[in-house]
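Visitor: Please take me through one part of this model at close range: the binding site named in the record, and the elements around it. Keep it brisk.

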Amino acid sequence: INHRTGIQFANTEDKQEFSKYPTKAGRRSLSRSISQSSTDSYSSAASYSDSSDDETSPRDKAQVNTQGSSDFCVKNIKQAEFGRREIEIAEQDMSALISLRKRAQGEKPLAGAKIVGCTHITAQTAVLIETLVALGAQCRWTACNIYSTQNEVAAALAETGIPVFAWKGESEDDFWWCIDHCVNTEGWQPNMILDDGGDLTHWVYKKYPSVFKKAQGIVEESVTGVHRLYQLSKAGKLCVPAMNVNDSVTKQKFDNLYCCRESILDGLKRTTDVMFGGKQVVVCGYGEVGKGCCTALKALGAIVCITEIDPICALQACMDGFRVVKLNEVIRQMDVVITCTGNKNVVTREQLDRMKNGCIVCNMGHSNTEIDVASLRSPELTWERVRSQVDHIIWPDGKRVVLLAEGRLLNLSCSTVPTFVLSITATTQALALIELFNAPEGRYKQDVYLLPKKMDEYVASLHLPNFDAHLTELSDEQAKYMGLNKNGPFKPNYYR
């Protein structure tokens, strides 16, 4: 039991539950290509502020909040009121984080934590940041992506005194400048890192090795960032314990599966107004993201087939009623092509050449390397921007292919992501930070750890009241028969 919060994470007998080795999903992620997360496109449909409304760079502006502080760099501090409303809307569907805030506010389990964070800065992540502050942490924050910031939300955070360095439409130089200003400030040294994509961790490791060595822990939630951590660990250069949130059950099964099940249709509808009934769709990859996409498409009457490299995932697709095919064999008939693999060159130029007129091509995987977009930037093809994030690529014979978000992540580029799902991931991140920060010396070595099942179960239990769901409790006899503790964990850590 964590004595400062009363939350049970991993007791001494459970120490071994923290597997040091990646799960099957984690191992698979090691072979995925790394795309620099800062260049993955993302925009918020809910954002009031367009980056073109004022061409002056935020770096050239002198701004202060109402408390007189200028320790921030955002697009326009005057938009704070709009941002506060966005955050309040997000709080309505993130009750588990608010519940955690109320339960642990008295004990301040993060008192003394100095957290430097690098995530998408949206209304949902603002709820996480403000929860960490309520639990006692000092925070400085920057964006993990040049397009993802909601300017008004960044302003609202800066107004409350949280140093935020981010705006929508940063240049590459701005991106690294913001990260540096988060880490390098007089009289303040971070002891915890919360990262999405690994750019912040990489920057601190390279530029501020003394800060890196003194950190108490890193929490990372993306495939790319986790891959980078395992690389550091393998090379013997990871001198800080790190928590792999990406491969936790509450991230894989909820953020990846259910989030994509809802957001795939949203992204496609907003950009193309497509009707799904009877459309021929091929989904490349039947992992959690692919499963979510296929469920939604099938429900609306689309005729869906799958491409897969993994015989287990392929067999699951067959049992779920989908045909498993090779892309080359069906490419001419497809109305929509969706990639969900995390790999590179899944859709090649040769396949794009063979697509039929009007075919919609998009990516739901993490990296922007799945569709060979670079090959389309050639003299014989014409690019025509028809809407925000929608391009028509026109071949010499007049054939058009509709490319969404330039092959970048569709749901985050062209629509919004369900708040409730982000609550699950954010709660997992908060608990991982609490656990690493309060762990007794020696519990965590200099390695990458998976969340214990107990913590995953606790995150899930915090979200059940939303549905008025009531868990059945084991009797003593039943618990003994199953060899379980009545309070969990109910599955072994290797159970997927």
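**The listed site and its surroundings**

Guide: Thr 122 counts as buried because its relative accessibility is 3%. Buried means under 20% relative accessible area, exposed over 50% and partly exposed in between, with a 1.4 Å probe and protein chains only. This is a predicted model, in which local features need pLDDT of at least 70 and side-chain atom pairs count only at pLDDT 80 or more, while totals for chains, interfaces and linings use all residues. Residues are numbered from 1 along each chain as its sequence is written, and side-chain values use heavy atoms, with hydrogens and water left out.

Thr 122 lies in the loop between β1 and α4 (123-134). Helices (H or I, at least four residues) and strands (E, at least two) are DSSP runs, numbered from the N terminus. An unreviewed UniProt entry lists Thr 122 under "binding site", along with Asp 196, Glu 221, Lys 251 and Asp 255. UniProt positions follow the numbering used here, feature names are shortened, and annotations may be inferred rather than shown by experiment.

Now Lys 251. This residue sits in helix α10 (residues 249-272). With a relative accessible area of 9%, Lys 251 is therefore buried. Leaving out residues up to four places away in sequence, Lys 251 touches Glu 221, Val 245, Asn 246, Asn 256 and Thr 425. Contact means heavy atoms within 4.5 Å. Glu 221 is thus both a contact of Lys 251 and a listed position in the UniProt entry.

Back to the elements on either side of the Thr 122 loop. β1 (114-119) runs parallel to β2, joined by six bridges. Two strands pair if DSSP finds at least two bridges between them. Val 116 has Arg 140 in β2 as its bridge partner. Five of the six residues of β2 are buried, which leaves the strand mostly covered.

On the other side of the loop comes α4. Its axis and that of α2 (residues 80-92) come within 8 Å and cross at roughly 80°. Axes are lines fitted to C-alpha atoms, for helices over the stretch in contact, and angles run from 0 to 180 degrees between N-to-C directions. α2 and α4 are therefore roughly perpendicular; angles of 65 to 115 degrees earn that word, under 35 counts as roughly parallel, over 145 as roughly antiparallel, and the rest as oblique. Arg 84, Glu 86, Ile 87, Ala 90 and Glu 91 supply the α2 side, meeting Ala 123, Gln 124, Ala 126, Val 127 and Glu 130 in α4.

Two helices pack against β1. One is α7 (residues 199-207), where Asp 199, Leu 200, Thr 201, Trp 203 and Val 204 are buried. Besides β1, these residues pack against α6 (172-183), β4 (192-195), α8 (209-214), β5 (217-220) and α9 (223-234).

The other is α6. Its buried residues include Asp 174, Phe 175, Trp 176 and Cys 178. β1, β2 (138-143), β3 (164-165) and α7 are among what covers them. The 12 residues of α6 should span 16 Å at 1.5 Å a residue, and the end C-alpha atoms lie 17 Å apart, which agrees. The expected span is 1.5 Å times one less than the number of residues.

Finally, the whole chain. It holds 18 helices and 15 strands, and 57% of its 496 residues count as buried.
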